[in-house]
Amino acid sequence: MKKKAVKKAINQALKDGTLIYEKKQYPILSIPQISLLLLRCKNAKPEMYIPLLLSLTTGLRISEVIAIKFSDIDWWEGELQIRRQLGRTLSNDGADEERLCTQEVKIKSRSGNRNVTLGNFVIEELIMARHKYETMQKSNPDFQNLDFVCFKEDGLPYHRSSFRKSFKELLNDCNLPDMRWHDLRHTYATVLKENDISLKAISSCMGHNGTTVTETVYINIPEETVHDCEKEMTAFMADILPKTNLILDIRIPEKDLLEFLPPKAYNMVS
């Protein structure tokens with residue numbers, strides 16, 4: 001209740017002009033940088049690849065990503081149902097059973113219950129993840145069949161901070177700016193906005209109640225835009241990537257990174 005009162009007071013002060021809001025700028029990755037990050041992750045840190053891929057192509061929170069189950073995927077329609085997250089409740093339920101940070105909890109808000117369309121190349125990666133899941137289930141007698149898409153060797157899910165250290169190492173390895181995993185949501189929103197996707201569609205996919213938070217918090221367009229940087233980043237990637245046809249062949253095209261939105265999203269007006 002206290003948080004709601006403070007938030008209401010701040011919003012009123014912003015409306016009255018007695019408080020000036022200075023928008024914080026977050027690190028934003030360009031599409032070539034995203035491609036580089038995914039490629040390097042798949043080769044160097046494969047256990048983090050599926051969580052990273054889903055975060056970058058769906059804009060999900062990390063707590064939502066690690067809670068996804070294979071049963072949440074509509075393979076025929078290419079859709080993902082977001083109905084839960086993994087974390088802790090306000091009352092700290094589960095502390096006695098030592099599952100404080102790995103229990104299933106409700107989505108943050110009503111709008112958070114949503115369906116997200118997956119791109120074809122994302123579906124293909126999830127099919128391979130399912131095959132790995134079934135193989136490990138048969139070969140490991142201690143494997144727990146919990147159906148999580150992002151699973152450890154014993155079938156248990158990850159928790160929200162599982163990839164924190166590995167993510168920092170990956171960013172450094174790719175010579176990319178330091179950022180939090182949550183900042184990938186800022187990249188998701190900003191890249192879509194730069195590619196003329198309607199604000200309403202972006203907000204809906206991110207699970208926001210309206211477009212205000214999406215626009216004022218998550219869309220961070222720098223002075224030099226994503227498209228301005230693309231030529232320089234392409235040259236940078238060509239310089240640091242190994243000169244093999246295999247590497248070049250598996251780079252993810254821009255059209256594939258943007259294909260996860262349903263066609264109707266392009267016709268929405270913000």
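This is a short selection-by-selection tour of the structure above, which is a predicted model.

**Stop 1: helix H5**

Start by selecting residues 120-139, which make up helix H5. H5 has 20 residues and runs 29 Å from its first C-alpha to its last, close to the 28 Å expected at 1.5 Å a residue. Now colour its buried positions: Phe-121, Val-122, Ile-123, Glu-125, Leu-126, Ala-129, Tyr-133 and Met-136. Keep Ala-129 and Tyr-133 labelled, as both come back later in the tour.

**Stop 2: the second largest pocket**

Next, show the surface and look for the second largest pocket, with a volume of about 360 Å³. To find its middle, select Pro-46, Glu-47, Ile-50, Ala-129 and Lys-132, which are the closest to the centre among the 17 residues of the lining. Two elements, helix H3 (49-58) and helix H5 (120-139), each give two or more residues to that lining. Which of them gives the largest share? That would be H5, with five residues. Colour the lining by class and you'll get eleven nonpolar residues, six charged ones and no polar ones.

**Stop 3: rings, and charges over rings**

Switch to the aromatic side chains. There are seven aromatic pairs in the whole structure. Try Tyr-158 and Phe-163 as your opening pair: their ring centres are 4.6 Å apart, with 50 degrees between the planes, and the pair is tilted. Tyr-158 has a relative accessible area of 12%, so it is buried. Phe-163 is at 4%, so it counts as buried too.

Then move along to Phe-167 and Trp-181. Why is this pair called tilted? Because the planes sit at 55 degrees, with the ring centres 5.1 Å apart. Follow the backbone between the two and you'll see that the pair links distant parts of the chain: Phe-167 is in helix H6 (residues 164-173), while Trp-181 is in the loop between H6 and H7, 14 residues apart. Both Phe-167 and Trp-181 are buried.

For a bigger group, select Phe-70, Tyr-133, Phe-143 and Phe-151, a cluster linked by ring pairs. While Phe-70 is on screen, add Arg-130: its charged end sits over the Phe-70 ring, 4.9 Å from the centre. There's another charge to look at over at Phe-148, where Lys-69 lies over the face of the ring at 5.2 Å from its centre.

**Stop 4: two loop residues with positive phi**

Most residues other than glycine have a negative phi. Here are two to check against that.

Select Asp-147, in the loop between H5 and H6. Its phi is positive, about 75 degrees, although it is not a glycine. Then go to Asn-175, in the loop between H6 and H7, where phi is also positive, at about 60 degrees, and again the residue is not a glycine. Which of these is buried and which is exposed? Asp-147 is buried, with a relative accessible area of 17%, because buried means under 20%. Asn-175, at 58%, counts as exposed, because the cut-off for that is over 50%.

**Stop 5: Tyr-188**

Finish in helix H7 (residues 183-194) by selecting Tyr-188. Is it buried or exposed? Tyr-188 is buried, at a relative accessible area of 2%. Now add Ser-30 and draw a line between the two C-alphas: the residues are 158 apart in sequence, yet 9.7 Å apart in space.

Conventions
Residues are numbered from 1 along each chain as its sequence is written. This is a predicted model: local features need pLDDT of at least 70, side-chain atom pairs count only at pLDDT 80 or more; totals for chains, interfaces and linings use all residues. Side-chain values use heavy atoms; hydrogens and water are left out. Helices (H or I, at least four residues) and strands (E, at least two) are DSSP runs, numbered from the N terminus. Buried means under 20% relative accessible area, exposed over 50%, partly exposed in between (1.4 Å probe, protein chains only). On a 1 Å grid over the protein atoms alone, a cavity is a set of points where a 1.4 Å probe fits but cannot get out, and a pocket is an open set with protein on both sides within 12 Å along at least five of seven lines; lining residues have an atom within 4 Å of a point. Grid points are joined across faces, edges and corners, and a volume is the space filled by probe spheres set on the points. Ala, Val, Leu, Ile, Met, Phe, Trp, Tyr, Cys and Pro count as nonpolar, Asp, Glu, Lys and Arg as charged, and the others, Gly among them, as polar. The expected span of a helix is 1.5 Å times one less than its number of residues. Rings of Phe, Tyr and Trp (its six-membered ring) pair if their centres lie within 6.5 Å; planes under 30 degrees apart count as stacked, over 60 as edge-to-face and the rest as tilted. A charge sits over a ring if NZ of Lys or CZ of Arg is within 6 Å of the ring centre and within 35 degrees of the ring normal.
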